[in-house]
Amino acid sequence: MKFTFIAVFALLTLAISGCADDPPQSSPAVATLPTTSNPPPAASVDGPHASTNLPPDTHGVPADASVEAQVIAVVSEPISTAVAPNGEFWLAQRGGIVVVLDPGTGLIEDTVLDISSLTSPGGEQGLLSIAVDHDNLYVDYTDTVGNSNVDAYPLDNEGRPGDRHPLLTQQQPFTNHNGGGMAIGPDGSLYVGFGDGGGEGDPAGSGQDSSTVLGSIVRIDPTPGAPEPYAIPATNPFANGVDGRPEIFLTGVRNPWRFTFDPVTDDLWIGDVGQDLYEEVDLFLAANGGGVGANLGWNHREGLHEFKGGSSADFTDPVFEYVHGADPGGCSVTAGSVYRGSAIPELQGAYIFGDFCTSRLWALSISNADLVFTDLQVDIPGGQLASFGIDPDGEILTLSMSGHISRIVQQSGSRNYPIVADNPDAVATRLIEVERLLRSTEPSQIGFSDLAHEQQMIYRTIGRHPEWSETILDMVPADLVDAVSMEIDARIFIGDISNAEPPDTMPAWEIIDPLPLSELIDIYRRSSNETGIPWT
């Protein structure tokens, strides 16, 4: 097999059996391709299982792509998306709301589901993901005491969810590492990711304990309304309940926050969040068994490196890992999706992912059986890259915990204007969020300029609709009402001037270079102290 220089580096790293306190590497490490599934427990799968099929080359060349993230909407904590059977595009928010989002305009339409009374968002808790098939909407969330729940909501004749049917509940010993990813597999089964239960270093050893679903990805066939809430696929490695939980599909994960199936090849991609140093991406080729019965090695190892115990021939290596504080850097992998849209041919077939802390967009592609890493040189608006989505056209969206929903598009070189809602209630709700965020964000931080731009676009829209003013001000809390009122008055005044008859003569004017940002901010703050008018 041919290896790139990155792959050779990974093999050397593996050969010297690095441990959790290895020095950071100067470049990403890539394990040997292909990733082959290890044989599951005896007699649980018919026919040969472990094989050595090579992954096909990616059609696109991500290094040739020139892309950017175009903000289409800003809402409260977007966390997951799904294309419904009725054609609607559903967006889940961590607070427990699922709404219809128009991906073209960015406008929020109907509320599809409200489980806010069942969950308490915060930290790594709340509504964590949704998935949908032809019959049901599935939700994964932590309840008000912190335990993980997977529920089904059968779809009615109009394709909207009906009554709640609990499927699976798992007690969580800690508040973190709840997993939360879900996907409908190519076999029609529901796949659900569970973290190791939290606590530093997997204190209960759940990753290597097949008697619990913690530290695993499970596979079930939901049967909401039946005497049993789900059936067990016959090819699950412990389907007979001997030696492990029958729901388990694969084990040895730490916190598989997101995973996805390639809609063309059916290959399974997993992003497993690391502990101290290493973040990993795992790939299971459908042609090699798709990962059933695999063990990724946590907590005996983190990525390719020893953690609590040694490596084992039974462990499946990640295909990619990166180190905290090195190139490409980051602290928490955000698994993404394989691009199968049409707008960006250079990304065709590439796996798009990123990191929560850097909010940088990356791609993995395959060339001559080598894995190729590409930094797409895109910083996600708002930072805090929490998840990815696929819109009805197959284009990739990024979801930021700051509220930004962005579409990955060909770079245009022009600035994109934020979308503002077309009714005063929605405008007021978002305006309050933006004003709060601006007051808690330093100008030097990522996302500040986008928030400021959106703020001014909102006030410009209100200036065009002065009849909205009273409704909006009635919704604004007391501590913001003076500032918002002044902004609205100023925008309406500017509108009156711009709509007036122009004078016969105009004063002389010229364009001058602005002062540096730090000096401008200092002037604003000094003026604020002298006048009592808030500088924002």
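## Salt bridges in a predicted model

R340 is partly exposed, with 23% relative accessible area. Its partner is buried: D262 has a relative accessible area of just 4%. In this predicted model, the side chains of R340 and D262 meet in a salt bridge, 2.8 Å from N to O. That pair links distant parts of the chain, 78 residues apart: R340 sits in the loop between β21 (333–338) and β22 (351–355), and D262 in the loop between β15 (258–261) and β16 (268–272).

How many salt bridges are there by this rule? The count comes to 17. Here are some of them:

| Pair | Closest N and O atoms |
|---|---|
| E77 and R94 | 2.8 Å |
| R164 and D151 | 2.5 Å |
| R340 and D262 | 2.8 Å |

Take E77 and R94, a salt bridge at 2.8 Å. E77 lies in the loop between β1 (67–74) and β2 (78–83) and R94 in the loop between β3 (89–93) and β4 (97–101), so the pair ties together parts 17 residues apart in sequence. As for accessibility, E77 counts as partly exposed at 22%, while R94 counts as buried at 8%.

Then there's R164 with D151, whose closest N and O atoms are 2.5 Å apart. This pair also links distant parts of the chain, 13 residues apart, with R164 in the loop between β8 (148–154) and β9 (165–170) and D151 in strand β8. Is D151 buried or exposed? D151 is buried, at 0% relative accessible area, whereas R164 counts as partly exposed at 38%.

Finally, a network: salt bridges link E88, D110 and R160.

Notes. Residues numbered from 1 in each chain as written. Predicted model: local features only at pLDDT ≥ 70, side-chain atom pairs only at ≥ 80, totals over all residues. Heavy atoms only, no water. Salt bridge = Lys/Arg side-chain N within 4 Å of Asp/Glu carboxyl O. Helix = DSSP H or I, 4+ residues; strand = E, 2+ residues; numbered from the N terminus. Buried < 20%, exposed > 50% of the residue type's maximum accessible area, 1.4 Å probe, protein only.
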